[in-house]
Structure formats: structure tokens, C-alpha cells
Amino acid sequence: MATVELRFSALPEHVRTARLVAAAVARRAGVDEAVLDEVRLAVGEACTRAVGLHQHGGISAPVMVLLIEEEKQFSIEVGDEAPHAPVQARSADEVLGDPDAETEEDEMGLAVISGLVDDVEVSAGENGGSIRMRWPTTPQAATFT
């Protein structure tokens, strides 16, 4: 299992870099080319959400992005350190139906992510939250030059 960890200051201009890195690592991990745009968009939404939560909460800690390559799947986890009401891990669809969700913008970002990614898990607590997204991978054929 290979993991790439990316941390960046909670500034909107860094979201683009996170999207580009995520797409490059996803491609190398074997994520189908046809869904790389969805990976970029989903990571952009998740990072934008985390940046907004940090800025709104006055949190100076960086946003964390983990890119995890496993045998048959590729995962991206975007974490924030903004305090949330304690909840158990749940799907994005469950969060959308929750009347206690923090803001309308937050709900919209989660709706976009759940529309782009089939396997999404959202968790949040007093010390921050995360969005974990997963895509299947195909084995890479060895290339020799």
C-alpha cells in the first residue's frame, strides 16, 4: 500500500495544486482515465469545503489530503480540523438528510461529491472531519522500454 500525504495552508489557491496531484497519483495507481475528471472535481470540492471550514473557524492548521493506493482501489481522504458536532461515520447521502448539517454551502459540496463518487464516507467530530472517496483500479501492465 503506497500513500502520498499532502498538507497545504487553508487558502483557495492551493486547491488547484491538490486537484492536480490527486489526478496524477490516481492515474499512476490505475484509476480509469474516463473518471480522472471526476477525481479532480471531487477532490476540488472536498478541499474547497475544508478550506472554507478552516477559514470560517479561524483555524490555522493545514488541510490534509491522503492519497492511498491499495491493491484493487484508490482512496483519497481530505481532512479538516474544524470542530463539528460529534457524529458517527456515515455516507454523504445520510449527511445531506441531516437537519443539523452546518451550512447550505457545506451540504451543496457534499451533494456534488456524492454525485461524482460512488463510494464516499463522511465523518466528523469535535476535532475535525474527513471525506474519504474510493475508486476501483485496474492492474497496470508492465511496460518495458
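What follows is a conversation about how the terms used for this predicted model are justified.

User: What should I know about the model before reading any values?

Analyst: The model is predicted, and for that reason local features need pLDDT of at least 70 and side-chain atom pairs count only at pLDDT 80 or more, while totals for chains, interfaces and linings use all residues. Residues are numbered from 1 along each chain as its sequence is written, and side-chain values use heavy atoms, with hydrogens and water left out.

User: How many helices and strands are in the chain, and in what order do they run?

Analyst: The chain has 4 helices and 5 strands, where helices are DSSP runs of H or I with at least four residues and strands are runs of E with at least two, both numbered from the N terminus. Starting at the N terminus, the order of elements is β-α-α-β-β-α-α-β-β.

User: What makes S2 and S3 a pair of strands?

Analyst: Two strands pair if DSSP finds at least two bridges between them, and S2 and S3 have 6 bridges in the antiparallel sense, so the definition is met. One of these partnerships sets leucine 67 against isoleucine 76 in S3, and a hairpin of 3 residues joins S2 to S3.

User: Which strands form the sheet, and which of them are at its edges?

Analyst: The open sheet is formed by 5 strands in the order S1-S2-S3-S5-S4, with antiparallel pairing. S1 (2–8) and S4 are the edge strands, since each pairs on one side only. Neighbouring strands are turned by 15 degrees against each other on average, direction ignored, where angles run from 0 to 180 degrees between N-to-C directions and axes are lines fitted to C-alpha atoms, for helices over the stretch in contact.

User: How many bridges hold the other neighbours in this order?

Analyst: S1 and S2 are joined by 7 bridges, and there phenylalanine 8 has valine 63 as its bridge partner in S2. S3 and S5 (residues 128–136) pair over 8 bridges, with valine 78 partnered by isoleucine 131 in S5 and phenylalanine 74 standing opposite tryptophan 135. S4 (residues 119–125) and S5 pair over 7 bridges; valine 122 stands opposite isoleucine 131, and the hairpin of S4 and S5 has 2 residues between the strands.

User: Why is S3 described as largely enclosed by the rest of the structure?

Analyst: Buried means under 20% relative accessible area, exposed means over 50%, and partly exposed lies in between, with a 1.4 Å probe and protein chains only. By that rule 7 of the 8 residues of S3 are buried, so the strand is largely enclosed. S5 is mostly covered, with 8 of its 9 residues buried, and in the chain buried residues make up 43% of the 145 residues.

User: Why is the pair of glutamate 69 and arginine 28 called a salt bridge?

Analyst: A salt bridge is a side-chain nitrogen of Lys or Arg within 4 Å of a carboxyl oxygen of Asp or Glu. The closest N and O atoms of glutamate 69 and arginine 28 are 3.4 Å apart, so the pair qualifies under that limit. Glutamate 69 is in S2 (residues 63–69) and arginine 28 in H1 (residues 15–29), 41 residues apart, so that distant parts of the chain are linked. The structure holds 7 salt bridges.

User: Where do arginine 49 and aspartate 80 lie, and are they buried or exposed?

Analyst: Their side chains meet in a salt bridge at 3.8 Å, N to O. Arginine 49 is in H2 and aspartate 80 in S3 (residues 73–80), 31 residues apart, and both residues are buried.

User: What separates arginine 40 from aspartate 37?

Analyst: The two are 3 residues apart in H2 (residues 36–57), and are therefore separated by about one helical turn; their salt bridge is at 3.4 Å, N to O. Arginine 40 has a relative accessible area of 23%, which means that this residue is partly exposed.

User: At what angle do H1 and H2 pack, and what makes up their contact?

Analyst: H1 and H2 pack at about 145 degrees, with axes 9 Å apart. Contact means heavy atoms within 4.5 Å, and the residues involved include Ala22 and Ala26 of H1 and Val43 and Gly44 of H2. These contact residues divide into 10 nonpolar, 2 polar and 3 charged, where Ala, Val, Leu, Ile, Met, Phe, Trp, Tyr, Cys and Pro count as nonpolar, Asp, Glu, Lys and Arg as charged, and the others, Gly among them, as polar.
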